[in-house]
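Q: Please pick one part of this structure and look at it closely with me. I am new to it, and I would like each term explained as it comes up.

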Amino acid sequence: MISYKTLGLVNTREMFAKAVKGGYAIPAFNFNNMEQLQAIVMAAVETKSPVILQVSKGARDYANQTLLRYMAEGAVGYAKELGCEKPEIVLHLDHGDSFETCKSCIDMGFSSVMIDGSHLPYEENVALTKKVVEYAHQFDVTVEGELGVLAGVEDEVSSEESHYTKPEEVVDFVTKTGCDSLAISIGTSHGAYKFTPEQCTVDPETGRLLPPPLAFDVLAAIEEQLPGFPIVLHGSSSVPQDDVDTINKYGGKLVAAVGIPEEQLRKASKSAVCKINIDSDSRLAMTAAVRKTLAEKPGEFDPRKYLGPARESMKQLYMHKIINVLGSNDKL
Ligand code: G3H
Ligand code: 13P
Ligand code: ZN
């Protein structure tokens with residue numbers, strides 16, 4: 001059993017309480033490799049922001065859970081080396097799919113886990129989430145539960161359409177499970193294709209697809225039921241069209257990729273939404289930079305020469321999110 005506290009990591013409890021009170025949201029960035037992690041830490045330190053490092057099942061399969069945990073421990077040391085005296089870094093399991101997966105992460109130093117039982121019948125979701133909470137809380141690890149189903153693919157769980165969180169269920173769920181935060185469904189979804197062109201309107205000036213707005217009425221109803229309780233938004237990438245254009249210019253083929261407009265995320269950040277998950281935008285920034293560098297320098301074969309610009313591009317993206325969308329800058 002390794003306690004995250006000995007690794008210099010923190011759980012989400014205090015961080016979320018401050019964020020809800022202060023009207024901002026904590027960035028939860030997924031990472032799978034060193035360049036992404038470096039970019040996240042550099043951005044968090046430069047902007048003086050707390051940050052959540054997220055590890056998905058896919059990341060655990062790709063990079064190895066043990067290695068990722070050591071990288072997160074290294075992130076704390078790296079942040080200090082960059083000049084941050086007291087970094088606030090959470091290591092979080094994203095979309096935990098079973099009690100065993102959550103336990104394994106808790107036992108090896110994660111400070112926060114998500115148990116995603118959103119695809120289960122309600123009572124089974126309650127029972128599974130409660131079981132994870134009872135285990136996690138013994139070690140002061142915080143737990144994110146989920147109610148409602150996001151459209152698209154939630155890791156291996158696919159649903160054709162989204163089922164918004166039912167505000168009438170949230171008090172019962174939170175009370176019965178004891179979870180520390182709740183991921184909800186209000187129209188966001190995972191990946192770079194969040195809406196079909198048929199769901200969008202076309203901006204007459206730019207010709208870009210404009211998605212339908214998020215269900216802020218559902219969010220307001222949830223807040224009314226659970227005043228001050230930390231709410232989480234998954235699937236919150238904005239799919240920057242400049243990156244999509246760069247990818248397509250240099251040989252990629254991303255057709256009709258649409259994300260959540262940043263103004264809507266800015267609005268959500270000011271509410272009880274205190275954790276915003278972003279993964280796809282980082283993937284797009286990295287891919288755009290790698291494609292551009294390799295196209296412009298076809299003789300290049302030193303990975304540092306194309307991963308370096310990719311890292312810089314991700315860092316700029318993370319800083320932009322922190323300062324201009326989530327408002328978590330200057331909080332350390
Ligand atoms: O929620 C999904 C995240 O973007 C993680 O995706 O399972 O491909 O690592 P992944
Ligand atoms: P995006 O695919 O919109 O980046 O969402 C990531 C996410 O929710 C990770 O859990
Ligand atoms: Zn997610």
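A: Let us begin with a way of sorting residues: Ala, Val, Leu, Ile, Met, Phe, Trp, Tyr, Cys and Pro count as nonpolar, Asp, Glu, Lys and Arg as charged, and the others, Gly among them, as polar. By that sorting, the shell around ligand 1 holds one nonpolar, five polar and four charged residues. Before we go on, please keep in mind that this is a predicted model, in which local features need pLDDT of at least 70 and side-chain atom pairs count only at pLDDT 80 or more, while totals for chains, interfaces and linings use all residues. Residues are numbered from 1 along each chain as its sequence is written, and chains are lettered from A and ligands numbered from 1 in the order in which they are written.

The part I have picked is the barrel, together with the ligand shells to which its strands contribute. Strands here are DSSP runs of E with at least two residues, and helices are runs of H or I with at least four, both numbered from the N terminus. Two strands pair if DSSP finds at least two bridges between them. Eight strands close into a barrel in the order 1-2-3-4-5-8-11-12, with parallel pairing. On average, neighbouring strands of this sheet are turned by 25° against each other, direction ignored. Such angles run from 0 to 180 degrees between N-to-C directions, and the axes are lines fitted to C-alpha atoms, for helices over the stretch in contact.

Now we can walk around the barrel, starting with strand 1 (26–30). How enclosed is a strand like this? A residue is called buried if 20 or more other C-beta atoms lie within 10 Å of its own, exposed if 12 or fewer do, and partly exposed in between, with C-beta atoms placed from the backbone. Five of the five residues of strand 1 are buried, so this strand is largely enclosed by the rest of the structure. Ile-26, Ala-28 and Asn-30 point one way from strand 1, while Pro-27 and Phe-29 point the other way.

Strand 1 has a partner in strand 2 (residues 51–55), joined by three bridges and running parallel; there, Ala-28 stands opposite Ile-52. Strand 1 also pairs with strand 12 (273–278), in the parallel sense and over four bridges, with Ala-28 opposite Asn-277.

Next come strand 3 (89–96) and strand 4 (residues 112–115), which run parallel and are joined by three bridges. Leu-93 stands opposite Val-113 of strand 4. Both faces of strand 4 are covered: Ser-112 and Met-114 are buried on one side, Val-113 and Ile-115 on the other.

Further round, strand 5 (residues 142–147) and strand 8 are parallel partners over four bridges, and Glu-146 stands opposite Ala-183 of strand 8. From strand 8 (residues 181–184), Ser-181 and Ala-183 point one way and Leu-182 and Ile-184 the other, and all are buried. Three bridges then link strand 8 with strand 11, again parallel, and here Ala-183 faces Val-232. Strand 11 (residues 231–233) pairs with strand 12 in the parallel sense over three bridges, with Ile-231 and Val-273 as bridge partners.

Helix 12 lies across strand 1 and strand 12, running at about 150° to strand 1. This helix, residues 303–326, also gives the largest share of the largest nonpolar core, eight residues. A nonpolar core is a set of buried Ala, Val, Leu, Ile, Met, Phe, Trp, Tyr and Cys residues joined through C-beta atoms within 7 Å. The largest one has 90 residues, of which Ile-40, Leu-53, Val-113 and Cys-274 touch the most other members. Two residues are in contact if their C-beta atoms, placed from the backbone, lie within 7 Å. Leaving aside neighbours within four places in sequence, Ile-40 is in contact with Phe-29, Phe-31, Val-51, Leu-53 and Tyr-318.

Finally, back to the ligands. A residue is near a molecule if its C-beta atom, placed from the backbone, lies within 6 Å of it. Ligand 1 has 10 residues around it, and Ser-56, Gly-58, Ala-59, His-190 and Asp-279 come nearest. Helix 3 (57–63) and strand 3 each supply at least two residues of that shell, and the largest share, three residues, comes from helix 3.

Ligand 2 is surrounded by 14 residues, the closest being His-234, Ser-237, Asn-277, Asp-279 and Ser-280. Strand 3, strand 12 and helix 11 (280–296) each supply at least two residues of this shell. By kind, the shell around ligand 2 has one nonpolar, 10 polar and three charged residues.
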